[in-house]
Amino acid sequence: MRVVLTWRDKAEQCIYDLAFKPDGTQLILAAGNRLLVYDTSDGTLIQPLKGHKDTVYCVAYAKDGKRFASGSADKSVIIWTSKLEGILKYTHNDSIQCVSYNPLTHQLASCSSSDFGLWSPEQKSVSKHKSSSKITCCSWTNDGQYLALGMFSGIISIRNKNGEEKVKIVRPGGSLSPIWSICWNPSREEHNDILAVADWGQKLSFYQLSGKQIGKDRSLNFDPCCISYFTKGEYILLGGSDKQVSLFTKDGVRLGTIGEQNSWVWTCKVKPDSNYVVVGCQDGSISLYQLIFSTVHGLYRDRYTYRDSMTDVIVQHLITEQKVRIKCKELVKKIAIYKNRLAIQLPEKILIYELYSDDSSDMHYRVKEKIVRKFECNLLVVCTDHIVLCQEKRLQCLSFSGVKEREWQMESLIRYIKVIGGPPGREGLLVGLKNGQILKIFVDNLFAIVLLKQATAVRCLDMSASRNKLAVVDENNTCLVYDIHTRELLFQEPNADSVAWNTQCEDMLCFSGGGYLNIKASTFPVHQQKLQGFVVGYNSSKIFCLHSFSMFAVEVPQSAPMYQYLDRKMFKEAYQIACLGVTDTDWRELAMEALEGLEFETAKKAFTRVQDLRYLELINSIEERKKRGETNNDLFLADVFSYQGKFHEAAKLYKRSGHENLALDMYTDLRMFEYAKDFLGSGDPRETKMLITKQADWARNIHEPKAAVEMYVSAGEHLKAIEISGDHGWVDMLIEIARKLDKAERKPLLMCAHYFKKLDNPGYAAETYLKIGDLKSLVQLHVETQRWDEAFALGEKHPEFKDDIYVPYAQWLAENDRFEEAQKAFHKAGRQGEAVRVLEQLTHNAVVESRFNDAAYYYWMLSMQCLDIAQADPAQKDAMLCKFHHFQHLAELYHGYHIIHRYTEEPFSFHLPETVFNISRFLLHSLTKDTPLGISKVNTLFTLAKQSRALGAYKLARHAYDKLRGLQIPARFQKSIELGSLTIRSKPFHDREELVPLCYRCSSNNPLLNNLGNVCVNCRQPFVFSASSYEVLHLVEFYLEEGITDEEAVSLIDLEVPRHKQESKWQETMSDNAQTLRLDETMDCTGSDDPFTAKLSFEQGGSEFVPVVVSRSVLRSMSRRDVLIKRWPPPLKWQYFRSLLPDVSVTMCPSCFQMFHSEDYELLVLQHTCCPYCRRHIDDPSP
């Protein structure tokens, strides 16, 4: 730190206080009973101010610069404007000791020996507060919330803005240590408000706002009269009886003296936001000093260390921007850094630090050694095991223990010294002297080596990485570069104040001067760019610069020197420069230049850096060709030019090297067909076709498809022409191509057909398929376009495609919910399995959806499908016949249950009660074992119970109600069933005789509740029911004797042998008044000539069913009108039924063989136009 006196003046009276105007332009002094106003810049007295009648003790300026105040021994306070006019005056009861403005509210605090007052422009009066002791000094906190008062009694009182005491600090010294000056730290960075206190117990103390002391008291050895902070709070000024101003850190560490005076210093202040200090003394002298804080720092490669706040050392890593602070708590005089060592010189000792680890990014230092001695030196250098002190002409080498090992005496003053590396304990020093001599000294060698001597003094030195070159900046700001071995001056550059070699590149250095940074490579011209500061280091592409008090790294692209090397075709040197840091564009330029120069190694490295795989593949291919013995550089260069887009140059080189075909390929690949024609051979048709094809490819790629199609057709590339036409939907062009093609060219024709189908032109597609005779594809086309008529017509001509037509047709029908037609189509196609599966699914769906009429129909169809399978496949005959009978039975059940379901679910019934009664009886007798899906036993019994009761079959009704009690009844039937169960008990326990069914074989009456089922309880003959009313029909089934075939039986029945006319047993007599009919029982009843009736007899009491078996004679006696035949297809046998009441007509459906009363059947057919059971239409021919 240097102190420079700016100006000095002397007043006639003692200077008790002073204040700067906030902008620093004016200085107000309290001198005698006047205020003196000075111009700060040159010490000119602007104006003395008179207003007080006695000595002025204090003065203070408001922060806004609009007014200032002065206090005097005449007990008055005067408020002055910035124009030096007094505007207000008020008084206290005693002399004014101090005044202070609130930094925010501009409230003025004025303190006297007995009280203090608070005044602001907004209030008319001054609010005053008594004090228990004389107030000597006061100071506001930064936020203006609290006012600290220093007492003569040694007490500090902290008040709020209203004057109320909040904190009272009682110091140990009491009245023996009166408080003479206090000041709050103005720094905004401190977390707490800190109060500095100077007392006449010769101590400096620090306190928090809470009253807690910070640290210990600092002994001063003089009586302090004034204390003040620098604007940012980093330093403290203290003056008093020692006749000087001392500079302290904010923590109270003494740093040095500012101007020794001839009398006590009563006041000292810092000019706002500057390093200027003004001092006022007892003898009236006024002095303004400038403090110059010198930069104390050190640099080694990427570590920069510098002094901060005079007592701290900060080590900064220039690459990672990490910083570490080392607090020394003493004035730091010198710093040196080298590798992992750090040396700090303090006033009474030198501290040697070392890094904790060898990690290059480690920033943790610890103390290795302490040399407790006071040293005087101009320069300090640290090595691995030594420190070197420089004092004018002398160099001293000391070990870390403080022992002097070596000393060198120079001929002239040492101007520059630097460690240039070496083994530990044997490092080399580069020393520059004022007389121009430059030496190299090893710390283990007493003899200095003179490298060279120049005429001008040395200012800065640096040695290249290989130790072959030396750069010197002399006192004339000239940078001179020497060859160390020959001592030859290689070149020199003007306007330099510092210089540094690049640590990564031997031939690169940089120097700064005149606001510019200069970069020089080899002997090329200098590249300049603007820069503020001094160059202190150059590592790779980073240049380290010192500007003012901060170090920063400048990222400098090495483009300019790289291009300088490229201009001279020095590719390897250019690559080394590029490695230091250039842009991607520069790398690419280097790669291209090296490639054109056929320097493939450098080009490969550069292209690898920019990750250009295309050029790397080119280089690899050229290197492979060179290994195979190719040596034609023109050919290599032609390939390079073609890659770079220099096609005409490449073509010339191809032609010169005798490879015209390569030029042709290049131009055709580039679609530059006009140029390509220049390199065609002697009209070779293959080459011409190839060129046209490529031209067509190009036309296709540039979205000129019509031109491309024409070119492809002319070149014979029909597939490509068809593809383009098809993709663009050009049907006319496609059919034109297809008609021109020969039918032998199958592949292009098939492609045409494919596009015709895709473009919805099945007619053209069919024409194309017919041309090549592909009938299978034609069938598939008709199927895909659902042109079923054409498909069926084709199928008639070519039966081998039957499956290909009917199976998709059936699938299409199924997809369109035409399942019955689909089933028939599957059946027609011979896909019995699929047909059965469709029917089974239809049946299941119908049952689940309670469409029992449809379910019956589907089960009947299923049974017929099973019969067809049994007929076609003998291996499945037994299983299919079993299924046939099962499905026939289910069809009958669901057909009947359809009416029961409608009766229970719908509010109205369309059937006669007798019909519903008969159906419920039929179902009850049929459901003896498992109940099929969907059929409800509850519904059946409930219907039977209701109809039985309604028709008078009370016994059967009671049985039905009893059965219902054992079943789970739906809630909707619960009440009705319970009521019916009760009321049926009031009815007689028998059934109406009219309801009892008759067996037409044995003429026995059967009970309504038959345990044997739907057979006669007497003869076991199965009943034949009407499929509409479910009454027992007057039919008896008979069987043929063994040996009689169905055809023979039918022919015998058809003979119609005439019968003898029987005489009637009834005799009629007529009289005048009456007609009498009498039965003659005497006639022989056994004389019946009907052989079938005789066959109906059976052995009474037998438990086995004895069928009626007829012979040929019996068959001859039968009338064709009385016989019904179920003509089942094989493998089933025909069934024969004889009507025992020929006058009552029975009709049988020729399709499903179900029996109906003729009147019922005719009515149902008229209603539905089909059989109600199998749904055969009335117009369909009989099977």
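P1131 is found in the loop between β60 (1123–1126) and β61 (1135–1139). In this predicted model, a cis peptide bond joins P1130 and P1131, with omega about 10°. This briefing also covers two residues with positive phi, two sets of paired strands, and the cavities found by a search of the whole structure.

**Backbone geometry**

- Most residues other than glycine have a negative phi, and most peptide bonds are trans.
- The bond between P1130 and P1131 is cis, and P1131 belongs to the loop that runs from β60 (1123–1126) to β61 (1135–1139).
- S309, which is not a glycine, has a positive phi of about 55°.
- The loop that holds S309 lies between β30 (303–308) and β31 (312–317).
- S309 counts as partly exposed because its relative accessibility is 28%, a value between the limits of 20% for buried and 50% for exposed.
- K339 is another residue other than glycine with a positive phi, here near 50°.
- K339 is found in the loop between β33 (334–338) and β34 (341–345).
- With a relative accessibility of 38%, K339 counts as partly exposed.

**The sheet β14-β15-β16-β17**

- Four strands, in the order β14-β15-β16-β17, form an open sheet with antiparallel pairing.
- β14 (135–140) and β17 (165–170) are the edge strands, and each of them pairs on one side only.
- On average, neighbouring strands of this sheet are turned by 20° against each other, direction ignored.
- Within the sheet, strand β15 (residues 146–151) and strand β16 (residues 155–160) run antiparallel and are joined by five bridges.
- G150 stands opposite I156, a residue of β16.

**The hairpin of β6 and β7**

- Strand β6 covers residues 56–61 and is mostly covered, since five of its six residues are buried.
- Five bridges join β6 to strand β7 (residues 67–72), and the two strands run antiparallel.
- Y61 has F68 in β7 as its bridge partner.
- The two strands β6 and β7 form a hairpin, with five residues between them.
- In the turn of this hairpin, G65 has a positive phi of about 75°.

**Cavities**

- Three cavities of 30 Å³ or more are found in a search of the whole structure.
- The largest cavity has a volume of about 60 Å³.
- Its lining consists of C999, Y1000, R1001, Q1021, P1022, F1023, V1024, V1032, L1033, L1035 and V1036.
- By class, the lining of the largest cavity has nine nonpolar residues, one polar residue and one charged residue.
- For the second largest cavity, the volume is about 50 Å³.
- The residues that line the second largest cavity are I899, R902, Y903, F908, S909, F910 and H911.
- This second lining divides into four nonpolar, two polar and one charged residues.

Technical notes: Residues numbered from 1 in each chain as written. Predicted model: local features only at pLDDT ≥ 70, side-chain atom pairs only at ≥ 80, totals over all residues. Heavy atoms only, no water. 1 Å grid on protein atoms, 1.4 Å probe; cavity = no way out; pocket = protein on both sides within 12 Å on 5 of 7 lines; lining within 4 Å. Points joined across faces, edges and corners; volume = space filled by probe spheres on them. Nonpolar A, V, L, I, M, F, W, Y, C, P; charged D, E, K, R; others polar. Buried < 20%, exposed > 50% of the residue type's maximum accessible area, 1.4 Å probe, protein only. Pairing = 2+ DSSP bridges. Axes fitted to C-alpha atoms, helices over the stretch in contact; angles between N-to-C directions.
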